[in-house]
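Reader: I'm new to this and I keep tripping over the labels people put on structures. Could we go through some of them together?
Author: Sure, ask away once you have the structure up.

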Amino acid sequence: MDKWIYTFGDGKAEGDASMRNQLGGKGANLAEMCSLGLPVPPGFTITTDACNWYYGNEKAFPDGLDNQLSQAFDHIEAVTGRKFGASANPLLVSVRSGARASMPGMMDTVLNLGLNDETVEALAREAGDERFAYDSYRRFIQMYGDVVMGVDHELFEEILDNAKAEGGYHNDTDLKADDWLGVISGYKDLILREMDVAFPQDPREQVWGAVAAVFSSWMNQRAITYRKLHDIPSEWGTAVTIQAMVFGNMGSDSATGVAFTRNPSTGERLLYGEFLVNAQGEDVVAGIRTPQDLTEAARISAGSEHPSLEKLMPEAFDQFLDIATKLEGHYRDIQDLEFTIERGKLWMLQTRAGKRTAKAALRVAVEMAEEGLISREEAVMRIDPASLDQLLHPTISPKAHRDVIAAGLPASPGAATGEIVFKSDEAEELAKQGHQVVLVRIETSPEDIHGMHAAQGILTLRGGMTSHAAVVARGMGKPCVSGAGGMRIDYDAGELRVPGRTLKKGEVITIDGSTGQVLAGSVPMVQPELSGYFGTIMQWADEFRRMEVRANAETLIDARSAQNFGAEGIGLCRTEHMFFDESRIVAMREMILCDTESDRRKALAKLLPMQRSDFVELFEIMAGLPITIRLLDPPLHEFLPHHDEEIEQVAALMKMEPIELRRRADALKEFNPMLGHRGCRLAVSYPEIAEMQVRAIIEAAIEAGNSTGSKVELEIMVPLVGLEKELEFIKTHIDAIAKTVMEETGQEIDYLVGTMIELPRAAIQAGRIAKSAQFFSFGTNDLTQTAFGISRDDATGFLPTYQARGIIEKDPFVSIDVDGVGELVRIATRAGREVRPAIKLGICGEHGGDPASITFFETVGLDYVSCSPFRVPIARLAAAQASIRHSNAS
């Protein structure tokens with residue numbers, strides 16, 4: 001019989017930390033903590049296999065699960081001495097989700113399960129506290145009604161708000177036992193009215209409803225969105241952990257909290273977290289009450305008057321500190337912990353690898369390596385390359401004037417400017433239209449994930465440093481300010497109010513997630529620098545990396561940025577981008593619209609000094625590093641004049657009638673220009689264009705070499721070659737012009753001539769092409785288009801549907817299609833090296849900055865990847881990790 005359930009408790013466990021694929025991260029780590037002898041309430045975990053069975057069998061539970069569930073409850077009852085559903089000494093449980101990858105807040109939880117009209121009285125008698133028992137019961141009804149039965153959460157809140165208003169209460173903790181009885185009655189009536197069925201009193205029925213709800217939450221919209229953002233496969237499924245309840249809301253000697261063994265925002269080696277006295281776990285992250293600091297140092301730093309856990313419950317705090325240190329040492333990573341103190345006794349409810357900002361991840365990795373806890377290789381492998389994007393965004397300039405209108409908690413670092421928007425759907429819609437927005441909410445919930453993703457930053461009025469908004473924003477790399485309690489939101493009026501000022505929806509604000517400040521308007525920003533822990537990790541990564549990392553750049557700004565980010569050359573300089581400047585486009589149009597070769601050469605003579613000047617500056621900046629210059633590639637229609645004013649401007653320059661110029665422009669238009677007269681086909685049809693560019697390149701290389709004292713490592717790339725004779729023809733012209741320039745100047749330089757492999761035919765015939773090509777650079781953008789027969793510009797209309805229906809896993813324009821396009825790369829690589837063993841091989845498409853694609857390129861054995869300047873650090877780290885994996889696997 002299949003084993004669907006694994007138990008833990010009383011210092012023993014059937015599972016361990018290695019079983020996270022079956023038990024999820026939560027279940028596996030609870031089992032591990034139990035085996036370590038830590039105080040963990042007993043429980044059991046229903047496996048992810050059961051979840052997959054549930055979805056594969058029309059949401060039915062697998063055979064044998066009911067018997068195993070009964071036996072698992074027997075286990076908890078034996079450890080606790082309590083009985084599930086009993087009228088005396090009843091057992092209550094929590095039901096929580098737990099996938100193998102942490103997905104905070106994305107799936108559902110039910111607490112206090114097992115309470116009903118009878119067991120709540122038993123709980124009251126046992127605790128000697130009716131208020132506590134009824135508070136626990138109303139929490140359960142609300143949570144079960146929302147999560148399992150589908151009653152709108154806000155309807156429950158309305159009943160509670162009304163009860164507080166009638167009693168003149170400010171906080172939930174002010175309500176008395178009789179008040180809670182009234183709320184409970186109102187909750188039951190609400191469920192019956194909304195669902196036409198009574199709240200279930202049978203604890204076994206409650207269990208099955210909760211398990212089904214947690215399984216179902218794996219496919220709720222927020223979980224689907226989160227998985228898509230973090231590349232978590234849907235087939236992983238979630239486990240369900242059912243555990244004996246312990247109560248942090250049993251009075252002033254009880255508490256609940258969350259903590260990180262190091263600061264998840266900065267990585268500083270200090271215990272970091274928050275707690276609430278007389279509360280349950282969801283109160284801390286929900287932002288309903290403002291939590292207190294764990295340590296005295298944190299309390300003093302925050303200027304809080306509320307006592308810390310260290311001061312309030314010193315024995316429990318000392319025990320917790322010892323456990324936190326032990327768990328970090330055991331897992332050799334920063335830990336995210338949840339705990340409850342029930343009448344002075346500490347219970348551990350969760351440990352997992354703590355989500356952290358990229359800044360914190362770098363510091364933690366470096367310091368743990370320096371402490372000897374992990375190796376340098378492990379430190380490099382610990383950093384998610386994509387997360388480095390968080391550090392490559394602007395921060396507020398120190399010289400900027402700060403019109404501070406409010407302050408909250410610095411929940412996630414970085415700064416963001418945007419229009420105020422109050423609804424997540426609106427944030428998403430405005431972002432699609434090109435607006436930059438800041439999502440402003442009283443508090444966020446998992447339903448806001450799409451709006452948070454669309455926004456530049458998030459501002460919340462409630463919540464602490466471990467609230468939903470803070471945790472999710474840090475994971476996304478979004479700046480976030482939380483707990484800005486001095487502000488008020490009027491959703492109906494669309495207004496954000498601070499003392500003395502009112503800001504309306506659409507007005508611009510700036511948030512500083514590093515200080516917690518909220519500023520009116522936009523402010524100057526500064527770019528980040530690669531230094532400190534970032535520089536250390538990059539240095540270590542470069543030690544392990546095999547592939548070079550170059551940048552795609554053609555402007556001076558791009559080239560300098562690339563150099564600052566550690567690029568080892570330019571892998572793609574798109575010469576056509578140099579002509580789109582307003583001062584040059586007219587001369588380019590004149591050249592294109594010329595009828596004769598002689599006229600074209602006259603027009604090209606005007607462009608020559610412009611091109612040469614650009615190349616000189618580029619070569620000087622990248623002195624001593626390889627630079628790949630691609631000859632003119634795009635279809636000529638991209639340069640053509642379209643408006644009457646543009647046509648008249650060019651016609652006047654060419655001394656011809658506008659109507660004749662329009663006729664020539666129309667004659668150049670193509671039905672499918674991306675597969676038309678472009679790339680090497682232009683050089684074959686109009687060799688004079690390539691000749692002008694080659695002359696500019698060689699003259700500039702000689703001049704830059706003389707000025708810098710470093711020879712230019714020049715590579716001239718011919719685009720869109722599909723036939724070996726195309727390259728032979730163009731290379732002959734390149735070599736002839738280069739020879740002429742060298743004779744004219746009396747100076748010789750070395751250069752390579754190669755091609756982009758961006759057509760399936762070129763990949764298949766790479767052996768023949770390699771006879772003329774000294775290097776290949778895979779243009780995977782066009783290679784993907786031509787291999788799939790898909791236009792990248794139009795693919796967004798249907799590729800998301802393909803992903804949603806499981807036809808493709810990832811967008812092939814984002815992450816390389818290993819089996820198809822990747823196979824073409826393999827074919828070309830093998831064939832090229834067979835003919836020319838020393839051929840240089842690289843990639844310059846968008847995939848050059850994608851970590852998953854870089855892993856593939858390492859296995860193929862490419863010499864370098866090239867990507868946009870701001871992705872160079874990502875590529876450096878990803879290339880190092882790919883090299884480590886490949887080395888360890890071989």
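Author: Let's begin with a word: a pocket is an open set of grid points with protein on both sides within 12 Å along at least five of seven lines. One thing to keep in mind is that this is a predicted model.

Reader: Okay, what is the volume of the second largest pocket?
Author: The second largest pocket comes out at about 680 Å³. It has 31 lining residues, and M674, R678, D782, Q785 and R792 are the closest to its centre. Two elements, strand 28 (570–574) and helix 30 (780–788), each give two or more residues to the lining. Helix 30 has the largest share, with 4 residues.

Reader: What makes up that lining: how many nonpolar, polar and charged residues?
Author: The lining of the second largest pocket splits into 10 nonpolar, 10 polar and 11 charged residues.

Reader: Why is Y864 called buried?
Author: Buried means under 20% relative accessible area. Y864 has 1%, so the label buried fits. Y864 sits in strand 34 (residues 864–867). Setting aside neighbours within four places in sequence, Y864 is in contact with several residues, including M547, G571, T628 and L841.

Reader: How do you know that C573 has no bond to C844?
Author: A disulfide needs two cysteine sulfur atoms within 2.5 Å. The closest cysteine sulfur to that of C573 belongs to C844 and is 11 Å away, so that is too far for a bond. C573 also counts as buried, because its relative accessibility is 0%.

Reader: And what about C867, where is its nearest cysteine sulfur?
Author: That sulfur is in C844, 11 Å away, and C867 is in no disulfide. C867 is buried as well, because its relative accessible area is 2%. A search of the whole structure turns up 0 disulfides.

Reader: Last one: which residues touch the most other members of the largest nonpolar core?
Author: Those are I537, F619, I698 and L714, in a core of 128 residues. Helix 26 (residues 687–708) provides the largest share of this core, 11 residues. Take I698: not counting residues up to four places away in sequence, I698 touches L714, I716, A738, V741, I749 and Y751. Another core, of 61 residues, lies apart from the largest one, and A124, V151, I184 and V211 are among its residues.

How values were computed: Residues are numbered from 1 along each chain as its sequence is written. This is a predicted model: local features need pLDDT of at least 70, side-chain atom pairs count only at pLDDT 80 or more; totals for chains, interfaces and linings use all residues. Side-chain values use heavy atoms; hydrogens and water are left out. On a 1 Å grid over the protein atoms alone, a cavity is a set of points where a 1.4 Å probe fits but cannot get out, and a pocket is an open set with protein on both sides within 12 Å along at least five of seven lines; lining residues have an atom within 4 Å of a point. Grid points are joined across faces, edges and corners, and a volume is the space filled by probe spheres set on the points. Ala, Val, Leu, Ile, Met, Phe, Trp, Tyr, Cys and Pro count as nonpolar, Asp, Glu, Lys and Arg as charged, and the others, Gly among them, as polar. A nonpolar core is a set of buried Ala, Val, Leu, Ile, Met, Phe, Trp, Tyr and Cys residues joined through side-chain atoms within 4.5 Å. Buried means under 20% relative accessible area, exposed over 50%, partly exposed in between (1.4 Å probe, protein chains only). Contact means heavy atoms within 4.5 Å.
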